[in-house]
Amino acid sequence: MKSKLVVKMGGSTLDTENVLAQFAEAVARVPSDYDVVIVHGGGKDIGRQVERMGREFEFIDGLRVTDDDVIDVVEMVLSGLVNKWITRALEKQGLRAVGISGTDLGLFNATKLVVKGGDLGYVGAIEKVNTELIELLLARNITPVVSPISIGPEIRAYNVNADHAACKLAEFWKADDLIYITDVPGISINGKLREKIQVSEVEKLVDSGEITGGMIPKTLNSASAVIGGVGRVHIIGWKGPDSIVDSLDRDTHWGTVIEK
């Protein structure tokens, strides 16, 4: 039986020159005894499209408000543009790839995300994952490329944070490894990169302020994934086509690993 790997590629990293081609090469280098699923974001590309509409984003508690007009743009950019950029890059590397979203065959079902600061609109949190489509594609040696757009209340498209989507997919699929590719080399504590963090440490590190900013939700998602049955979670930066295979190698210390 093959090992299961979920790779979440951040939109900001993909936005860097030449990284898309390198990322496709990195996926192609993953050993054949792994089934690989890719989940992606695309925040910068969404921002550019919304600016072209003459709109400005409103944020509540650090989260982007997504109204009727904006959710259409978000779905177009994530499920149309970014998703197909990645799919084409993988195909160029000789891989068989299919771009899908969380709305296909009910992959991601979400509830409305509620925060104290106000109404976020069509922003959700995943409560159920149906991996049937993932399994069908992998059985034909096809790499799924997943946009995090999900099915929300009243069968509407809902925007879901890609880190959260990757976490939930890895949990429900019982992945052996989940890799978050970010724009930093890993988790640093007091200025020093930590090679390993135990799940039992995470809450204390967040409460003490040793983990801050955007790394807080990523670390909490990682801990949730491990508690939910994922073998290991890796938070890494990008160093080229060897980034993924080096993360999987237990003898190569690259980024930060979160495990039990």
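Q: Which residues of helix α3 are buried?
A: This is a predicted model, where local features need pLDDT of at least 70 and side-chain atom pairs count only at pLDDT 80 or more, while totals for chains, interfaces and linings use all residues. Numbering runs from 1 along each chain as its sequence is written, and side-chain values use heavy atoms, with hydrogens and water left out. Helices here are DSSP runs of H or I with at least four residues, and strands are runs of E with at least two, numbered from the N terminus. With buried meaning under 20% relative accessible area, exposed over 50% and partly exposed in between (1.4 Å probe, protein chains only), the buried residues of α3 are Asp45, Ile46, Gly47, Gln49 and Val50.

Q: What does the cover over the buried residues of α3 include?
A: Start from the contacts, meaning heavy atoms within 4.5 Å. Asp45, Ile46, Gln49 and Val50 in α3 meet a set in α4 made up of Val73, Val74, Met76, Val77, Leu78, Leu81, Val82 and Trp85. The cover over the buried α3 residues thus includes α4.

Q: Is the crossing of α3 and α4 left-handed or right-handed?
A: Helix α3 (residues 43-52) packs on helix α4 (residues 68-92) at an angle of about 130°, with 10 Å between the axes. That makes α3 oblique to α4, since angles under 35 degrees count as roughly parallel, over 145 as roughly antiparallel, 65 to 115 as roughly perpendicular and the rest as oblique. As for the hand, the crossing of α3 and α4 is right-handed.

Q: How many charged residues does the contact of α3 with α4 have?
A: Here Ala, Val, Leu, Ile, Met, Phe, Trp, Tyr, Cys and Pro count as nonpolar, Asp, Glu, Lys and Arg as charged, and the others, Gly among them, as polar. The residues of this contact divide into 10 nonpolar and one polar, and the charged number is one.

Q: Which residues of α4 make the contact with α2?
A: The axes of helix α2 (residues 19-28) and α4 cross at roughly 55° and come within 9 Å. That makes α2 oblique to α4. From α2 come Leu20, Phe23, Ala24 and Val27, and from α4 come Trp85, Ile86, Ala89 and Leu90.

Q: Which helix gives the largest share of the largest nonpolar core?
A: A nonpolar core is a set of buried Ala, Val, Leu, Ile, Met, Phe, Trp, Tyr and Cys residues joined through side-chain atoms within 4.5 Å. The largest one has 41 residues, and Val6, Ile134, Leu169 and Leu178 have the most contacts inside it. Its largest share is six residues, and they come from helix α6.

Q: What is the separation of the C-alpha atoms of Glu135 and Leu105?
A: Glu135 lies in helix α5 (residues 132-139), while Leu105 sits in the loop between β5 (97-101) and β6 (108-112). Glu135 is partly exposed at 37% relative accessible area, and Leu105 is partly exposed at 44%. Although their positions lie 30 residues apart along the chain, the C-alpha separation is 12 Å.

Q: What is the phi of Asn141?
A: Asn141 is found in the loop between α5 and β8 (143-147). This residue counts as exposed, at 56% relative accessibility. Although Asn141 is not a glycine, its phi is positive, about 60°.

Technical notes. Axes are lines fitted to C-alpha atoms, for helices over the stretch in contact, and angles run from 0 to 180 degrees between N-to-C directions. A crossing is left-handed if the near helix is turned anticlockwise from the far one by less than a right angle, and right-handed if clockwise.
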